[in-house]
Amino acid sequence: MEAPSGLPDYHVHTFRCGHAGGASRDFVRKAIERGLSEIGFTDHIPLYFLPPERRDPRLAMREEELSGYLAEVAELAAEFAGKIPVRLGLEADYAEGHEDELARWLARADWDLVLGSVHWVAGDWIDAPESAARRFASEGAERLYGEYYRLLAKAARTGLFDVLTHFDLPKKHGHRPARALEEAEDEAIAAAREAGCAVEISSAGLRKPVGEAYPEPRLLRRLAAAGVPVTFSSDAHAPAEVGWGYDRTLALARDCAIERYITFEKRRKIPHPLPA
Ligand SMILES: [Zn+2]
Ligand SMILES: [Zn+2]
């Protein structure tokens, strides 16, 4: 079912990241077809925090691809002007100790929004299918979740990000601690609130083994109660995924007593009432 939503999709990739497919123009066409209000391209930042030989081209765009990315998003914005706003964004990994390099990276373009993601936790990817099972078995869910939320809080406090992505990402493959690490979660929620970071309500988790949107209802309620603003996204890696699952994420937002969402223009937050 196409569910015309009037909501934005603020987490969309291009072929440059090495694990997304389709023409970028088709992502925009799908956004129009699904009745979205905006589309924001947010491709994966080059893996600036890893030594060059470990920068896997299947995980993120290469440095020399940035200028082509910026040019393509500008062209699509011009082509679709009057039909749908096409925003320029980036999904930027937070890597502890590499904040200055990241700030220099982000100074290279005039973004509409910058997503902050913590994928790199305790020396490896938290969400890679090959390593997740092994890591959760050897290191334990408590330690990995605790470390993840510590880094997420630290990411928010850098002030470099507009939106924190997939807030409870470690659950992607279904690994969870026996009890929620509420203290660590609270620290990340407080950091988001104090830094003025929004969180995305992402349908991507619905397509993953966990089968649940990010963040889970329990966390989303606490984020909303703390006054952390939300926006909507799909983390699309193919045109068909743009605006996918929004009937369910919109219902989730309503269930969690969310009344507003925000959009971005040149990193300025614009609030809107949730569609009725
Ligand atoms: Zn990706
Ligand atoms: Zn993404």
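In this predicted model, a good place to enter is residue V163, which stands opposite A198 in strand β8. That position belongs to the pairing of β7 with β8, two strands that run parallel and are joined by two bridges. On the other strand pairing to be followed here, β7 (residues 163-164) is matched with β4 (residues 113-117), again in the parallel sense and over two bridges, and within it G116 stands opposite L164 of β7.

These pairings are part of a wider arrangement, an open sheet of seven strands in the order β1-β2-β3-β4-β7-β8-β9, with parallel pairing. The edges of this sheet are taken by β1 and β9, each of which has a single partner strand, so that one side of each is left without a neighbour in the sheet. Helix α1 packs on the sheet, where it touches β1, β2 (38-44) and β3 (86-93), and its direction makes about 145° with that of β2.

Strand β8 (residues 198-202) deserves a closer look, because five of its five residues are buried and the strand is therefore largely enclosed by the rest of the structure. In a regular strand the side chains alternate between the two faces of the sheet. In β8, A198, E200 and S202 point one way while V199 and I201 point the other way, and all of them are buried.

From the sheet the reader can turn to the metal ions. The zinc ion written as ligand 1 is coordinated by the NE2 atoms of H19, H44 and H237, at 2.0 to 2.1 Å, and the spacing of these donor residues in sequence is H-x24-H-x192-H. Two of the donors, H19 and H237, link distant parts of the chain, since H19 lies in the loop between β1 (8-12) and α1 (24-33) and H237 in the loop between β9 (230-233) and α8 (246-255), 218 residues apart. With a relative accessibility of 35%, H19 counts as partly exposed, whereas H237 has a relative accessible area of 17% and is buried, because buried means under 20%. A second zinc ion, ligand 2, is 4.3 Å from the zinc ion that is ligand 1.

Aromatic side chains offer another way through the model. A pair of aromatic rings is described by the distance of the centres and the angle of the planes. The count of aromatic pairs comes to 12, and among them is the pair of Y10 and F264, whose ring centres are 6.1 Å apart and whose planes stand at 55°, so the pair is tilted. This pair, too, links distant parts of the chain, with Y10 in strand β1 and F264 in strand β10 (residues 260-265), 254 residues apart, and both residues are buried. The rings of Y48 and F49 also form an aromatic pair, at 5.2 Å centre to centre and with 75° between the planes, and this one is edge-to-face. Y48 is buried, with a relative accessible area of 5%, and F49 is likewise buried, with a relative accessible area of 7%.

Elsewhere, ring pairs link F136, Y145, Y148, Y149 and F167 into a cluster. A ring can also meet a charge, as it does at W105, where the charged end of R108 sits over the ring, 3.8 Å from its centre.

Technical notes. Residues are numbered from 1 along each chain as its sequence is written. Chains are lettered from A and ligands numbered from 1 in the order in which they are written. This is a predicted model: local features need pLDDT of at least 70, side-chain atom pairs count only at pLDDT 80 or more; totals for chains, interfaces and linings use all residues. Side-chain values use heavy atoms; hydrogens and water are left out. Donors are N, O and S atoms within 2.8 Å of the metal (3.2 Å for Na, K and Ca); water is not among the atoms, so sites may look incomplete. Helices (H or I, at least four residues) and strands (E, at least two) are DSSP runs, numbered from the N terminus. Buried means under 20% relative accessible area, exposed over 50%, partly exposed in between (1.4 Å probe, protein chains only). Two strands pair if DSSP finds at least two bridges between them. Contact means heavy atoms within 4.5 Å. Axes are lines fitted to C-alpha atoms, for helices over the stretch in contact, and angles run from 0 to 180 degrees between N-to-C directions. Rings of Phe, Tyr and Trp (its six-membered ring) pair if their centres lie within 6.5 Å; planes under 30 degrees apart count as stacked, over 60 as edge-to-face and the rest as tilted. A charge sits over a ring if NZ of Lys or CZ of Arg is within 6 Å of the ring centre and within 35 degrees of the ring normal.
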